[in-house]
Amino acid sequence: MGKMSGARAILECLKLEGVEIIFGLPGGVLLPLYDAIYDSDIRHILVRHEQAAAHAADGYARATGRVGVCLATSGPGATNLVTGIATAYMDSVPLVAMTGQVPTSLIGKDAFQEADITGITMPVTKHSYLVRDAKDIPRVFREAFYIARTGRPGPVLIDLPKDVTVNELDFKYPEISLPGYNPNLKVHGLQIKRAAQALMEAERPVIYVGGGVKYSDGHRELLELAEKIKAPVTTTLMGIGCFPEDHPLSLGMLGMHGTKYANYAIQEADLILGVGARFDDRVTGKIASFAPQARIVHVDVDPAEIGKNVRVDIPVVGDAKSALAELAKAVEPKAWSPWNDKVAGWKSDHPLDYAKGGDTIRPQVVLETICRLCPDAVIVTEVGQNQMWAAQFFTHKDPKHFISSGGLGTMGYGFPAAIGAKLGCPEKEVFDIAGDGSFQMNIQELATAVINEVAVKVIVLNNGVLGMVRQWQDLFYEKRFSGTTLTRIPDFVKVAEAYGALGLRATKPSELEGVLAEAIASDGPTVVDIIISPDEKVSPMVPAGASLSEIMELVGSSSDEEASPMVSLGASKSEIFELEG
Amino acid sequence: MKHTIALIVENRPGVLVRIAGLFSRRSFNIDSLTVGATDKPDYSRMTITVEGDEEVLEQVTKQLNKLINVIRVSELAPEESVERELAIIKVAAKKEDRSEIMQIVSVFRAKIIDVSPRSIIVEVTGSEDKVEAMVRLLRQFGIKEMARTGKVSMVRGSRAVGP
């Protein structure tokens with residue numbers, strides 16, 4: 001291909017990797033690269049804050065299954081990406097983050113806008129590169145994309161000093177040679193046999209799936225296996241949508257704000273098949289009393305996850321999709337059992353519930369209405385109560401249609417991620433289920449959405465408070481609402497209009513459906529301000545550090561009639577403080 | 001319990017930071033860490049001693065294997081491997097102590113590599129225990145300075161942990 005500048009070589013690499021869109025914001029050291037972008041076919045979306053570039057690339061990746069790409073300048077531009085990179089790392093999202101860097105001759109001299117971004121991001125990247133020579137660009141990009149999307153996916157950072165983007169190189173896209181990187185995808189036949197046998201012997205099996213099933217595209221194989229052996233299926237927050245929630249075998253989500261029946265099933269199970277999930281603390285509750293009667297089979301592409309948090313009886317290292325396919329082949333069909341009846345009984349006795357009626361709009365009804373009007377929508381969430389209601393009260397059926405910051409729990413993620421998701425899937429309806437706290441963290445991206453005509457619908461469940469933290473203060477801190485009252489919320493309708501977006505508002509239950517229908521009918525970015533009560537709670541709830549068996553119902557508890565949950569738990573306050581961690 | 005791990009890593013900038021960072025981030029305790037060349041210039045060898053039970057060792061090994069620049073990770077069981085450490089020790093050596101110091105040096109098959117009017121530098125090679133024993137004996141004369149390499153280790157027989 002002959003000689004070209006580093007900047008042109010970078011764009012050539014992106015093209016060869018099939019990149020169609022990048023999210024970024026320029027700066028001094030990126031001038032040569034942005035000059036090359038000016039002539040390129042790759043679509044560049046100019047964000048208003050670099051954090052949003054990382055989240056948008058992340059949302060794009062989760063919605064499309066492709067590698068998301070973001071770009072920021074050296075120093076503050078690069079450090080503004082860090083939250084987005086860490087968010088992607090915790091949730092195993094394939095991302096390539098490019099950062100500008102001061103010229104190689106100035107590195108280490110505390111130059112203007114210099115930051116050691118490879119050093120800063122080392123704990124939150126799957127791998128990173130500081131390119132010191134233009135001729136390394138093709139190899140580095142090839143490796144970065146390969147590492148980001150294979151095995152357990154994750155973010156890879158490429159730091160690009162200015163002179164490296166100016167200097168010339170002979171462009172040749174090399175073969176990959178990474179002797180230290182061999183993602184183990186093929187499952188071990190003997191382990192599959194042992195796992196299948198355990199499934200056949202089990203009388204009370206539960207399949208527990210996480211994001212790994214989503215990323216490996218294994219939801220069909222999961223359905224086949226579950227139906228063949230009539231095993232109930234519960235998902236983590238990251239696994240939502242991998243199993244259709246209207247299916248008789250679905251238990252919905254488990255864990256801290258999971259369904260009672262999912263948590264009861266886990267605690268009563270004699271076998272748990274965990275697939276592409278990592279038994280984290282929000283899922284297991286108190287680890288010592290998690291699934292006390294169960295043998296555990298754990299399938300994961302990352303061997304380090306197996307045995308990290310729980311003892312595992314049968315480890316299966318490999319890709320979730322192929323493991324599920326092999327398991328489905330290896331098992332014999334089973335009939336509907338007394339266990340299935342028991343689980344079905346829990347499902348009908350303890351459904352997800354909320355207080356109905358009253359003059360204020362119920363957030364749960366908002367989600368149910370969106371689900372009724374737009375069942376195939378992509379639901380992106382912020383973090384907090386909005387996220388949990390979105391997980392609970394929308395009936396999820398498609399693995400790529402629920403996008404949420406699970407591991408890091410990043411407020412401000414949802415709106416830019418929704419922009420990325422909508423740009424990746426323009427034919428789909430995309431909602432950002434937001435709170436008034438989270439939405440204000442990246443509200444400036446209204447400009448990005450309007451200018452690029454990204455028709456995202458932001459549903460602000462506006463309670464005027466930082467609701468999830470307030471819920472804990474209500475339950476465990478004697479209603480001392482320290483730092484959780486936002487006092488003066490901007491008029492979101494006016495804010496939307498100021499940016500050129502459509503702003504709508506619903507304050508009464510009777511207005512809700514009409515306003516939502518209007519938002520859905522709108523073909524541009526729309527903000528819907530929905531006023532809800534600050535006393536609405538996410539229910540049920542397992543207090544941090546308690547056993548899943550101690551799940552408690554909070555419906556109606558805002559009215560002070562219920563005894564303190566701590567008393568009903570039999571846990572002392574100091575124990576709860578200690579376990580909150 | 002102490003475990004010795006041999007690592008073959010790519011010889012690139014930043015690799016040591018990645019490994020050290022992994023240990024601190026995941027709260028693994030490093031007792032000692034040595035790095036040196038292998039017979040292939042693209043690769044280095046590290047010997048790391050970690051403190052912890054079998055579960056810790058398993059996590060350390062798996063997490064190290066995830067690093068792209070780490071080529072091989074191998075636990076070296078003490079009964080199946082040879083290990084050596086080198087120390088150089090500057091000992092205060094008054095006239096009346098010199099002969100005793102030299103006797104100790106000879107018993108340990110150590111070497112004197114520098115002599116000055118008030119001090120001697122001793123070089124000792126051997127297992128960690130041997131080096132420890134030597135240090136203990138020399139302490140009575142006054143150790144002015146000491147530099148230890150940390151342990152290097154290799155499996156016995158023909159099995160090789162190479163790049």
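## A tour from strand pairing to core

Begin in chain B by selecting His3(B), which stands opposite Val50(B) in β3(B); helices and strands here are DSSP runs (H or I of at least four residues for helices, E of at least two for strands), numbered from the N terminus. This is a predicted model, in which local features need pLDDT of at least 70 and side-chain atom pairs count only at pLDDT 80 or more, while totals for chains, interfaces and linings use all residues. Residues are numbered from 1 along each chain as its sequence is written, and chains are lettered from A and ligands numbered from 1 in the order in which they are written.

Extend the selection to strand β1 (residues 2-10) and strand β3 (residues 43-51) of chain B, which pair in the antiparallel sense over 9 bridges; two strands pair if DSSP finds at least two bridges between them. These strands belong to an open sheet of 4 strands in chain B, with the order β2-β3-β1-β4 and antiparallel pairing. Its edge strands, each pairing on one side only, are β2 (29-37) and β4 (70-76) of chain B, and the twist averages 20° from one strand to the next. Next show helix α2 (residues 54-66) of chain B, which lies across β1, β3 and β4 of that chain and runs at about 160° to β4(B); axes are lines fitted to C-alpha atoms, for helices over the stretch in contact, and angles run from 0 to 180 degrees between N-to-C directions.

Now move to where the chains meet, a contact that takes 13 residues from chain A and 15 residues from chain B, with residues in contact if their C-beta atoms, placed from the backbone, lie within 7 Å.

Selecting the whole of chain A brings up 24 helices and 20 strands, with the C-alpha atoms filling a box of roughly 70 × 60 × 45 Å along the principal axes. Buried residues make up 55% of the 581 residues in chain A, where buried means that 20 or more other C-beta atoms lie within 10 Å of the residue's own, exposed means 12 or fewer, and partly exposed lies in between, with C-beta atoms placed from the backbone.

Within chain A, select strand β18 (residues 457-462), where 6 of the 6 residues are buried, so the strand is largely enclosed by the rest of the structure. Lys457(A), Ile459(A) and Leu461(A) point one way from β18(A), whereas Val458(A), Val460(A) and Asn462(A) point the other way. Strand β17 (residues 430-435) of chain A runs parallel to β18(A) and is joined to it by 5 bridges, with Ile433(A) opposite Ile459(A). Strand β20 (residues 526-531) of chain A is also parallel to β18(A), through 6 bridges, and here Lys457(A) stands opposite Thr526(A).

From β18(A), step to Ile489(A), in the loop between α20 (467-476) and α21 (492-499) of chain A. Ile489(A) counts as partly exposed because it has 18 C-beta neighbours inside 10 Å. Leaving aside neighbours within four places in sequence, Ile489(A) is in contact with Asp436(A), Asn462(A) and Gly464(A).

Finish at Ala53(A), which is listed with Cys70(A), Val96(A) and Val528(A) as having the most contacts inside the largest nonpolar core, of 183 residues; such a core is a set of buried Ala, Val, Leu, Ile, Met, Phe, Trp, Tyr and Cys residues joined through C-beta atoms within 7 Å. Helix α3 (residues 50-64) of chain A gives the most to this core, with 8 residues.

Note on methods:
Two residues are in contact if their C-beta atoms, placed from the backbone, lie within 7 Å.
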